[in-house]
Amino acid sequence: MLPRVASAEDAKDLTQRTQPRVSPFRALKTLMLFLVLGVGFSLFSLYMTRHLTVQNMVMQARSTFQSCFEEQQVTLERWVRPPSSLMHSMSDEELLWRASFVPQVKEYPYNRVPKIAFMYLTRGPLPLSPLWEKFYRGNEGLYSIYIHALPSYVANFSSDSVFYQRQIPSQVSEWGRMSMCDAERRLLANALLDLSNEWFVLLSEACIPMRNFSFMYQYFKRSKHSFIGAVDDVGPYGRGRYDLRMMPEVNISDWRKGSQWFEVNRKLAVAIIKDSIYYPKFDKFCRPACYVDEHYFPTMLTIQLPHLLANRSVTWVDWSRGGAHPATFGRGDINEAFLTKVIGDRVCEYNGQNTTDCFLFARKFAPSALEPLLELAPSLLGFG
């Protein structure tokens with residue numbers, strides 16, 4: 001009997017019977033393994049997240065504690081150092097309030113070097129700045145500079161100039177209006193933020209120094225008074241500008257007139273910026289032809305602190321040509337005879353003694369006067 005030949009169907013059946021079958025238990029075990037690994041990874045991730053969060057919180061707490069501790073260590077330095085930038089976001093109300101802080105202990109617990117604050121009230125550029133640069137040279141640490149210009153004006157002084165970044169936040173000021181006194185109070189308030197500033201001088205872009213810095217510094221330091229005019233003018237341009245509605249805060253016997261350009265010490269500067277009694281009266285009842293910048297400060301300080309006033313300005317001006325504004329001097333006016341005359345123009349009183357050292361500044365000078373002033377300053381003004 002012949003052997004049976006295997007068919008294709010027999011071969012297929014044999015192959016199926018010889019291949020191993022996948023166990024359902026093995027598949028279940030594999031699935032469980034992946035499940036355990038997934039849960040474990042999730043738990044590990046959650047643990048690490050919490051650990052890092054706690055670690056960050058600890059580090060922040062340490063940083064905060066260290067910052068507070070360091071602040072406590074430099075509290076005095078933080079209070080006495082001047083602002084690093086003159087630009088700020090304080091409103092006038094906030095600024096005046098902050099600047100009115102006065103130490104109640106008169107003895108300074110550190111080595112305070114008093115400075116002169118030079119405050120420039122201007123519309124824009126300072127064309128005579130090269131002369132001022134020579135005046136300030138070599139006296140670093142004894143002065144501060146503040147510029148109140150139109151809000152739209154951006155100064156372009158180089159980084160090596162004493163005027164670099166010395167502009168303060170400003171508002172538009174109009175001649176003869178209360179906004180002019182607002183600008184002056186704004187300058188004083190910004191300067192008062194530096195506790196080292198002791199004397200405050202108001203200047204314009206048309207002012208020049210008539211003495212060297214050392215002379216000026218000693219002049220203010222030794223003076224028993226501040227230099228602001230406060231004249232009882234009984235004529236139409238004095239008492240004639242008084243309004244009876246200013247009573248009872250201001251009586252006509254208190255009414256004074258003086259130059260806008262002043263020098264005041266720190267005590268008077270604080271009195272000016274913190275005033276809320278006389279300001280509303282002048283704001284409401286002293287309008288052109290009453291020029292508030294000529295009457296507000298002289299009258300208010302005469303009422304409050306008359307014994308501290310020298311009753312004269314240290315800024316020379318020439319009213320001999322008539323008109324609402326003093327004379328302006330240009331290149332053709334500047335010579336040795338002219339400057340000599342200004343320096344010794346009159347006799348005045350200084351600490352109860354007569355002197356010819358009356359004027360430390362002069363105005364008004366046009367930009368064209370700069371070149372001859374620079375030439376004559378070393379020999380006649382003592383600097384440059």
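Here are some numbered notes on this structure, for someone opening it for the first time.

1. Start with confidence, since this is a predicted model. The protein chain has an average pLDDT of 88, and 82% of the residues score at least 70. The start of the chain is another matter: pLDDT stays under 50 over residues 1-6, and the model gives that stretch one contact beyond four places in sequence. Residues 11-20 are also below 50, with zero contacts beyond near neighbours in sequence. Where pLDDT is low, the predicted coordinates should not be read in detail.

2. Next, the nonpolar interior. The largest nonpolar core has 52 residues. Phe118, Tyr120, Trp132, Tyr136, Phe220, Phe361 and Phe365 have the most contacts inside it. Tryptophan 132 is a handy place to look around from: setting aside neighbours within four places in sequence, it is in contact with Phe118, Tyr120, Phe163, Leu203, Cys207, Ile208, Pro209 and Phe361. Another core, of 50 residues, lies apart from the largest one, and Ala99, Ile228, Ala230 and Tyr296 are among its members. As a bit of background, nonpolar side chains in soluble globular proteins tend to be buried together.

3. How much of helix H8 is buried? Seven of the nine residues in H8 (residues 266-274) are, so call the helix mostly covered. The buried ones are Arg266, Leu268, Ala269, Val270, Ala271, Ile272 and Ile273. Note that an arginine, Arg266, is on that list. The cover over these residues includes helix H4 (92-99), H6, strand S3 (197-204), S5 and H10.

4. Aromatic rings deserve a look too, as the structure holds 37 aromatic pairs. One of them joins tyrosine 143 and phenylalanine 213, edge-to-face, at 6.0 Å centre to centre and with 65 degrees between the planes. Tyrosine 143 belongs to strand S2 and phenylalanine 213 to helix H7 (residues 213-222), so this pair ties together parts 70 residues apart in sequence. Both partners are out of the way: tyrosine 143 counts as buried at 13% relative accessibility, and phenylalanine 213 is buried at 2%.

5. A second pair to pull up is phenylalanine 262 with phenylalanine 297. Their ring centres are 5.9 Å apart and their planes meet at 80 degrees, which makes the pair edge-to-face. Phenylalanine 262 sits in the loop between H7 and strand S5 (263-265), while phenylalanine 297 is in helix H10 (residues 292-304), so the contact links distant parts of the chain, 35 residues apart. Phenylalanine 262 and phenylalanine 297 are both buried.

6. Two arginines are placed over aromatic rings. The charged end of arginine 166 sits over the ring of tyrosine 146, 5.4 Å from the ring centre. Arginine 211 lies over the face of phenylalanine 215, at 4.5 Å from the centre of that ring.

7. On to the cysteines: the structure holds two disulfides, and they follow the pattern 1-2, 3-4 when bonded cysteines are counted along the chain. In the pair of cysteine 286 and cysteine 290, the sulfur atoms are 2.0 Å apart. The S-S torsion there is about -85 degrees, so this disulfide is left-handed. Cysteine 286 and cysteine 290 are both buried.

8. The other disulfide joins cysteine 348 and cysteine 358, with sulfur atoms 2.1 Å apart. With a torsion of about -110 degrees about the S-S bond, it is left-handed as well. Cysteine 348 is in strand S7 (residues 348-350), and cysteine 358 is in the loop between strand S8 (353-355) and strand S9 (361-362), ten residues away in sequence. Both of these cysteines are buried.

9. Why does cysteine 181 have no bond to cysteine 286? The sulfur in cysteine 286 is the closest cysteine sulfur to that of cysteine 181, but at 8.2 Å it is too far for a bond. Cysteine 181 is buried, with a relative accessible area of 0%. Cysteine 207 is likewise buried at 0%.

10. Last stop, serine 173. Which part of the chain holds it? Serine 173 lies in the loop between strand S2 (143-148) and helix H6 (178-192). Its relative accessible area is 17%, so serine 173 counts as buried, the cut-off being under 20%. Beyond its neighbours within four places in sequence, serine 173 is in contact with Ser179, Met180 and Ala183.

Methods: Residues are numbered from 1 along each chain as its sequence is written. Side-chain values use heavy atoms; hydrogens and water are left out. Helices (H or I, at least four residues) and strands (E, at least two) are DSSP runs, numbered from the N terminus. Buried means under 20% relative accessible area, exposed over 50%, partly exposed in between (1.4 Å probe, protein chains only). Contact means heavy atoms within 4.5 Å. pLDDT is the predictor's confidence in each residue, from 0 to 100. Rings of Phe, Tyr and Trp (its six-membered ring) pair if their centres lie within 6.5 Å; planes under 30 degrees apart count as stacked, over 60 as edge-to-face and the rest as tilted. A charge sits over a ring if NZ of Lys or CZ of Arg is within 6 Å of the ring centre and within 35 degrees of the ring normal. A disulfide is a pair of cysteine sulfur atoms within 2.5 Å. A nonpolar core is a set of buried Ala, Val, Leu, Ile, Met, Phe, Trp, Tyr and Cys residues joined through side-chain atoms within 4.5 Å.
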